[in-house]
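Here is a chain to get to know. Take a look at the sequence and the model first, and then we'll walk through some of the details together.

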Amino acid sequence: LKDPSQPLLLATDLDGTFLAGDADARKRLYHLVDAHPDIKLAWVTGRGREAILPLLADPGLPTPDYVICDVGATVLRTADMQPIQPLQSQIEARWPGEHVVADAMRRFPMLVRQEVPQERRCSYYCHPEQLSTIQADVEAVAASLGCEVLYSADRYLDILPRGRLISWVFHIPFIRTLADRFYRWFARDRYHLGCGDHCQSRPLN
């Protein structure tokens, strides 16, 4: 913020991070973002598009410039709520289809489907103890469909289009430059930061 000619990207998880914590601290953060148009805000969340619409309508929250939802499978520009192209088409091209993936995963009864709207992903609940017995098989089936497996918070398991999970994000205008600046700032102030469940996300392979 010292150099207003250079935008700052704030890419944040929602649950357990941007929507959590002390109410007064959140209010100060939200005011800071609103008061500085040079801050570019991106919400990065496992929620689906439908689940974030009420948040976008909340006057108490800063409106993001971008929304990356569905565990990275949906990339939106919030000015018009349209997909960012060609990124979205590239993700879509790697997705074999919900029915194909869901049918393949039915052989694993330990995977309990999450009853939330999902686009270009199949999301499940699975306990770590149960996953340990089927992990290799789940990975193999996902790989045969051209997909990847992401496990987070010792509970959430997502089958996603194959690819370096968020590498395509860096094709968004200004993101690569901003990410470089953010990394340098993060390296200096990392002990002052916290994050939510998705900081624990990890590919299984």
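Is Phe18 buried or exposed? Phe18 is buried, since its relative accessible area is 3%, and the cut-offs are under 20% for buried, over 50% for exposed, and partly exposed in between, with a 1.4 Å probe and protein chains only. Before going further, keep in mind that this is a predicted model, where local features need pLDDT of at least 70, side-chain atom pairs count only at pLDDT 80 or more, and totals for chains, interfaces and linings use all residues. Residues are numbered from 1 along each chain as its sequence is written, and side-chain values use heavy atoms, with hydrogens and water left out.

**The overall picture**

The chain has seven helices and ten strands; these are DSSP runs numbered from the N terminus, with helices being H or I of at least four residues and strands being E of at least two. Out of its 205 residues, 38% count as buried. Contact means heavy atoms within 4.5 Å. Of the contacts in the chain between residues at least 6 apart in sequence, 60% join residues at least 24 apart.

**Helix α2 and its start**

Helix α2 covers residues 23-35, which makes 13 residues. The expected span of a helix is 1.5 Å times one less than its number of residues, so α2 should span 18 Å, and its end C-alpha atoms are indeed 18 Å apart. At the start of α2, Asp22 has a side-chain oxygen that comes within 3.1 Å of the backbone nitrogen of Asp24.

**Rings in pairs**

Rings of Phe, Tyr and Trp (its six-membered ring) pair if their centres lie within 6.5 Å, and planes under 30 degrees apart count as stacked, over 60 as edge-to-face and the rest as tilted. By that rule there are two aromatic pairs, and here they are:

| Pair | Distance between centres | Angle between planes | Type |
|---|---|---|---|
| Phe18 and Tyr30 | 4.9 Å | 50° | tilted |
| Tyr125 and Tyr156 | 6.0 Å | 50° | tilted |

Phe18 belongs to helix α1 (residues 14-18) and Tyr30 to helix α2, so this pair ties together parts that are twelve residues apart in sequence. Tyr30 is buried too, at 8% relative accessibility. The pair of Tyr125 and Tyr156 links distant parts of the chain, with Tyr125 in strand β7 (residues 122-125) and Tyr156 in strand β9 (residues 156-161), 31 residues apart. Tyr125 is partly exposed at 29% relative accessibility, and Tyr156 is partly exposed at 26%.

One more ring has a charge for company: the charged end of Arg113 sits over the ring of Tyr124, 5.6 Å from its centre. For that to count, NZ of Lys or CZ of Arg must be within 6 Å of the ring centre and within 35 degrees of the ring normal.

**Around Thr74**

What do the side chains of Thr74 and Asp70 share? They are joined by a polar contact of 2.7 Å, meaning a pair of N or O atoms within 3.5 Å; within protein, one must be able to donate a hydrogen and the other to accept it, and residues adjacent in sequence count only if both atoms are side-chain atoms. Another polar contact of 2.7 Å joins the side chains of Thr74 and Arg120. Thr74 is in strand β4 and is buried, with a relative accessible area of 0%. Leaving aside neighbours within four places in sequence, Thr74 is in contact with several residues, including Val67, Cys69, Gln88 and Glu119.

Asp70 itself lies in the loop between β3 (66-69) and β4 (74-77), and Asp70 is buried at 0% relative accessible area.

**Backbone oddities**

Most residues other than glycine have a negative phi, and most peptide bonds are trans. Asp70 has a positive phi, near 55°. Met81, in the loop between β4 and β5, also has a positive phi, about 55°, without being a glycine. The peptide bond from Gln85 to Pro86 is cis, with omega near 5°, and Pro86 lies in the loop between β5 (82-83) and α4 (87-93).

**Cysteines**

A search of the whole structure turns up zero disulfides, a disulfide being a pair of cysteine sulfur atoms within 2.5 Å. For Cys147, the nearest cysteine sulfur is that of Cys122, 8.0 Å away. Cys147 is buried at 2% relative accessibility, and Cys69 is buried at 0%.
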